[in-house]
Amino acid sequence: MANAELMTAADVPLIQGLAQRVTASRPDLVNSDASFGEAAWIWGKGHAANGATWPRRLWFSGGELVAWGWAHLPHRVRLSDGTVKDVTSAYLAHQVHPHHAGLLDEVIDWYDAVAAGVDRGVRPGAADEFALRRWAAHGYGTDPASLGDTGTWTQLNERDLTDLARPVLPDGFRFRTADEAGPEAAVRAHVDAWAPSTYTAEAYQGVRRAPGYRGDLHVLVEAPDGTMASSTIMWLDEANRTAEFEPVGTHPRYRRLGLARAMLWHGMRLAEAAGARHVTVACLGAPGHHGARGLYYSVGFRELSRDAPLIKTAR
């Protein structure tokens with residue numbers, strides 16, 4: 001059984017459920033943008049602005065979701081600095097349960113049809129040899145932008161919640177939660193860290209409504225002058241007792257003060273108190289993108305998996 005229409009809020013828990021089942025047996029096969037937290041984050045922050053360009057298709061077996069494809073078609077992006085950017089290519093977020101791997105050919109055919117006429121990107125897991133062969137058979141090859149020291153591939157990092165250090169902030173800084181600081185502060189923290197950004201108050205309201213969001217696991221670091229200098233959201237997968245940091249960012253004016261490191265230690269302690277026994281966080285993996293990777297390694301994370309960006313150019 002399959003269907004095809006625009007992505008809806010009701011689809012997100014289904015996608016998260018499949019992510020939980022794959023995570024339980026083969027966490028290295030969870031694709032980029034298909035994890036429990038990443039799917040909720042992307043849906044929450046973007047559906048109000050971009051939902052009209054998000055067709056999706058779901059595949060079920062015995063009433064249970066076993067595969068899905070979520071196409072991000074060309075669209076216009078408005079940034080916080082007032083500029084506008086046209087995204088002219090398509091991207092596919094997707095996941096197929098390993099026990100139903102043969103459905104991948106249907107996912108690819110659907111994507112090629114719904115995004116016909118434009119360049120099409122996808123990021124399967126590098127450990128998924130079957131998937132890589134099938135994508136290649138359909139004409140997808142390595143994306144040149146992913147190569148070299150500044151390549152665009154991402155890696156997922158993990159660590160168990162053991163041997164947690166005590167977080168130490170510089171004098172005058174303090175931890176807050178989004179519940180305490182309020183929506184305006186939470187939005188400002190993200191926009192300042194990622195400027196120019198597409199994030200808005202409306203996007204944050206979408207995030208708050210996304211399945212799995214908890215304001216007490218949305219952590220900020222407040223500077224002495226009241227600026228929200230750093231922030232992160234943790235998405236708690238209770239079934240697997242794991243939490244995912246997404247996103248993690250620091251205001252440029254407050255970098256290299258140890259804020260993000262202290263925030264990660266603090267977040268891990270909060271996640272442990274909430275029932276997690278394991279945490280993950282993603283970052284760019286190419287050698288030239290050493291900043292975030294070095295930060296995560298410094299607090300005990302190590303690589304779990306990486307993606308393999310592929311592209312098929314329009315003919």
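Select strands E9 and E14 in this predicted model. Seven bridges join E9 to E14, and the two strands run antiparallel. To see one pairing, pick Leu156 and look across to E14, where its bridge partner is Ala282.

Keep E9 selected and add E15. Four bridges join E9 to E15, again in an antiparallel arrangement. Pick Glu158 here: its bridge partner in E15 is Arg302.

Now colour E9, residues 154-160, by face. Which residues make up its covered face, and which its uncovered one? Gln155, Asn157 and Arg159 are on the covered face, while Thr154, Leu156, Glu158 and Asp160 are on the uncovered face. Leu156 and Glu158, the residues picked above, thus belong to the uncovered face.

Next, move to the other partner pair. Select E13 (residues 242-250) together with E14 (residues 278-284). Four bridges join E13 to E14, and these two strands run parallel. One place to look is Phe245, whose bridge partner in E14 is Val281.

Step back and show the whole sheet. Its seven strands lie in the order E10-E11-E12-E13-E14-E9-E15. The sheet is open, and the pairing is mixed. Which strands stand at the edges? They are E10 (174-177) and E15 (302-306). Each has a single partner strand, so one side of each is left without a neighbour in the sheet. Look along the sheet as well: neighbouring strands are turned by 30 degrees against each other on average, direction ignored.

Leave the sheet and select Ala195. This residue sits in the loop between helix H6 (183-194) and helix H7 (201-209). Is Ala195 buried or exposed? Its relative accessible area is 54%, and exposed means over 50%, so Ala195 counts as exposed. Add Thr177 to the selection and draw a distance between the C-alpha atoms. Ala195 and Thr177 are 18 residues apart in sequence and 21 Å apart in space.

The last stop is helix H2, residues 36-50. At 1.5 Å a residue, its 15 residues should span 21 Å. The C-alpha atoms at its ends are 20 Å apart, which agrees. Now centre the view on Gly44, where H2 has a kink of about 35 degrees.

Finally, show the surroundings of H2. How many of its 15 residues are buried? Eleven are, and the helix is mostly covered. Among the buried residues are Phe36, Trp41, Ile42 and Trp43. Gly44, at the centre of the kink, is also one of the buried residues.

Note on methods: Residues are numbered from 1 along each chain as its sequence is written. This is a predicted model: local features need pLDDT of at least 70, side-chain atom pairs count only at pLDDT 80 or more; totals for chains, interfaces and linings use all residues. Side-chain values use heavy atoms; hydrogens and water are left out. Two strands pair if DSSP finds at least two bridges between them. Axes are lines fitted to C-alpha atoms, for helices over the stretch in contact, and angles run from 0 to 180 degrees between N-to-C directions. Buried means under 20% relative accessible area, exposed over 50%, partly exposed in between (1.4 Å probe, protein chains only). The expected span of a helix is 1.5 Å times one less than its number of residues. The bend at a residue is the angle between axes fitted to the seven residues ending there and the seven starting there.
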